[in-house]
Amino acid sequence: MKKFLINNFEISESDTELFSASFEKIDLIKGEKFVAYGKVSNRIGFVEKGLLKCTLIGNDKSVIDDFVFENQFVANYYSFLRQEESNKEIVCLKNSVLRIITRKKLEELASKHSFVEKIARQVSEQLFISTAKKLEDIRLLNAEERYLKLVKINRRITTEIPQYEIASYLNVSPETVSRIRNKVTFLS
């Protein structure tokens with residue numbers, strides 16, 4: 001986590017030590033929920049090891065919204081900021097090790113150290129950009145282009161995530177993902 005913080009937020013070694021020491025280590029097993037649907041999200045996690053999926057849940061429908069790998073923060077950020085019930089659940093796809101910080105502890109830290117506000121702002125900006133890009137891709141790219149982009153971002157997607165979950169994320173059928181995979185393999 002320390003290396004990630006230094007590389008991505010350009011904070012000092014002492015600030016990195018202080019910030020990372022405020023996180024508690026937890027172990028989650030495959031299938032365990034980090035964020036439960038309908039509950040207010042009061043913590044943010046940093047994935048040291050493992051893989052999680054974020055699933056949006058609506059009326060009679062659920063759609064995978066994101067996959068979270070190592071060296072990424074994870075939360076239902078909307079629920080965390082607004083203190084509203086979560087419209088998604090975040091579940092471990094395999095045994096995972098996370099560092100977590102509660103909202104209360106983060107607020108206390110931010111009130112004493114300005115660099116925490118800088119990190120929060122940068123994380124918010126990254127999430128906004130990521131969400132905007134995802135919406136743009138849905139509108140402008142076809143299923144094959146979205147699949148290829150997903151694989152390019154993280155090659156492990158094809159080996160660690162079942163095809164039906166990739167299909168849910170891309171908002172296509174599993175058969176469409178199968179056809180795309182076959183086509184891509186044929187062209188390689």
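**Notebook: helix contacts and cores**

I began with two helices and noted that Lys 133, Asp 137, Ile 138 and Leu 140 in H5 meet Glu 145, Arg 146 and Lys 149 in H6, where contact means heavy atoms within 4.5 Å and helices (H or I, at least four residues) and strands (E, at least two) are DSSP runs numbered from the N terminus. By class, I counted two nonpolar, no polar and five charged residues in this contact, with Ala, Val, Leu, Ile, Met, Phe, Trp, Tyr, Cys and Pro taken as nonpolar, Asp, Glu, Lys and Arg as charged, and the others, Gly among them, as polar.

I kept in mind that this is a predicted model, in which local features need pLDDT of at least 70, side-chain atom pairs count only at pLDDT 80 or more, and totals for chains, interfaces and linings use all residues. Residues are numbered from 1 along each chain as its sequence is written, and side-chain values use heavy atoms, leaving out hydrogens and water.

Next I looked up Ile 153, which lies in helix H6 (residues 143–153). Is Ile 153 buried or exposed? I found Ile 153 exposed, at a relative accessible area of 65%, given that buried means under 20%, exposed over 50% and partly exposed in between (1.4 Å probe, protein chains only). From Ile 153 to Val 68 I noted 12 Å, C-alpha to C-alpha, across 85 residues in sequence.

Last, I turned to Phe 9, which touches Phe 4, Phe 73, Lys 118, Ile 119, Gln 122, Val 123 and Gln 126, leaving aside residues up to four places away in sequence.
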